[in-house]
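Here is a short colleague's note to read beside the structure. Keep the view open and follow the points in turn.

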Amino acid sequence: MDVHLRDLRYFVGTAEELNFTRAAERLFVSQPALSKQIRQLEDHLRVRLFERDKRAVALTAPGAALLPAARALLRDWDEAQRAVADAAAAAAAVLTVGLSTSVGRALLQGARERFTERRPGWTVKLRQINWDDATAGLAAGEVDVALLWLPVPGQEEMNLHVLATEPRWVAMRDDHPLAGRDKIAFAELLDEPFLALPATAGPLREYWLAVDRRDGREPRIGATVSNAEETFAAIEEGSGIVLLAEGNAAIYRRPGVTAVPVADLSPCELALAWRTEDHRPVIRDFIDALVRAGS
């Protein structure tokens with residue numbers, strides 16, 4: 001049986017973190033599942049790759065020997081996938097933009113107009129990605145660029161340009177006791193049930209739960225939601241409240257739901273993201289079109 005690339009990704013992630021908990025979070029898998037895959041890889045190779053005890057994880061000599069080769073194989077495969085994707089995109093003249101929510105603010109309409117002026121033979125295709133993937137398809141190579149709310153997992157490995165900085169609001173049913181207020185302090189929301197992004201959204205989930213403002217108190221989770229429609233259905237059902245950007249409060253306004261500014265939270269950032277190794281001129285043209293549309 002051949003070793004799968006997934007097994008090598010798990011091995012490299014664990015070898016770089018030397019901590020199964022951190023590696024599992026980085027790889028978006030559970031720790032038991034990661035440990036099982038590593039054991040299977042060791043069984044297949046008939047060597048121990050890691051020395052484990054309660055205090056530390058270390059590479060064995062076979063593990064240290066495998067690490068550079070595994071990195072090289074993964075790097076070559078990623079480059080091959082990108083080359084295929086680039087060739088397909090060039091042949092189809094389609095630029096795919098990933099997003100998880102409507103962004104409004106006339107950004108995309110203005111960007112499309114400016115982009116097609118410069119690239120008249122090209123089409124901008126929008127791809128909606130659920131919040132299970134906080135990178136909106138960019139990390140998986142499913143899109144060329146993505147519109148993201150920060151922070152997202154692995155953002156240090158992306159190019160980012162912040163397009164909008166907005167206050168955070170809170171959305172709730174219009175019969176909620178706090179509805180109708182001009183402003184709400186976050187302390188007034190601490191005991192409320194919140195709607196949460198999936199766990200795989202990582203730091204973005206924590207950001208929209210304002211974990212850093214809770215002084216160590218665990219948030220009450222009323223429901224987990226994967227997209228905007230699920231979010232507002234859950235609000236209407238009374239499952240909880242949710243933080244959102246000021247601009248999105250206007251986009252998703254609907255009967256039975258109201259939104260109020262939260263007075264003491266830091267503003268949120270909407271960014272355009274693209275892969276650091278993607279130097280195609282067409283990417284730069286779209287970036288420039290979007291930046292000019294937002295200026």
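**Notes on strands and helices**

1. Start with a strand pair. Strand β7 (residues 168–173) and β10 run antiparallel, and four bridges join them. Across this pair, Arg168 stands opposite Ala245 in β10. Bear in mind that the model is predicted.

2. Now look at β10 itself, residues 242–245. Are its faces covered or open? Both faces are covered. Val242 and Leu244 lie on one side, Leu243 and Ala245 on the other, and all are buried. Here a general rule helps: in a regular strand, side chains alternate between the two faces of the sheet.

3. Next, the five-stranded sheet. This sheet is open, and its pairing is mixed. Read the order as β4-β3-β5-β12-β6. Which strands stand at the edges? They are β4 (123–128) and β6 (158–166). Each has a single partner strand, so one side of each has no neighbour in the sheet. On average, neighbouring strands here are turned by 20 degrees against each other, direction ignored.

4. Follow β6 to its partner. Strand β12 (residues 268–275) runs antiparallel to β6, and eight bridges join the two. One residue pair to find is Ala164 and its bridge partner in β12, Leu270.

5. Then add the helices. Helix α5 (residues 107–118) packs on the sheet. This helix touches β3 (94–99), β4, β5 (145–149), β6 and β12. Its direction makes about 150 degrees with that of β4.

6. Finish with helix α9, residues 281–294. Helix α9 lies across β3, β4, β5, β6 and β12. Against β12, helix α9 runs at about 165 degrees.

Technical notes:
Residues numbered from 1 in each chain as written. Predicted model: local features only at pLDDT ≥ 70, side-chain atom pairs only at ≥ 80, totals over all residues. Heavy atoms only, no water. Pairing = 2+ DSSP bridges. Axes fitted to C-alpha atoms, helices over the stretch in contact; angles between N-to-C directions. Contact = heavy atoms within 4.5 Å. Buried < 20%, exposed > 50% of the residue type's maximum accessible area, 1.4 Å probe, protein only.
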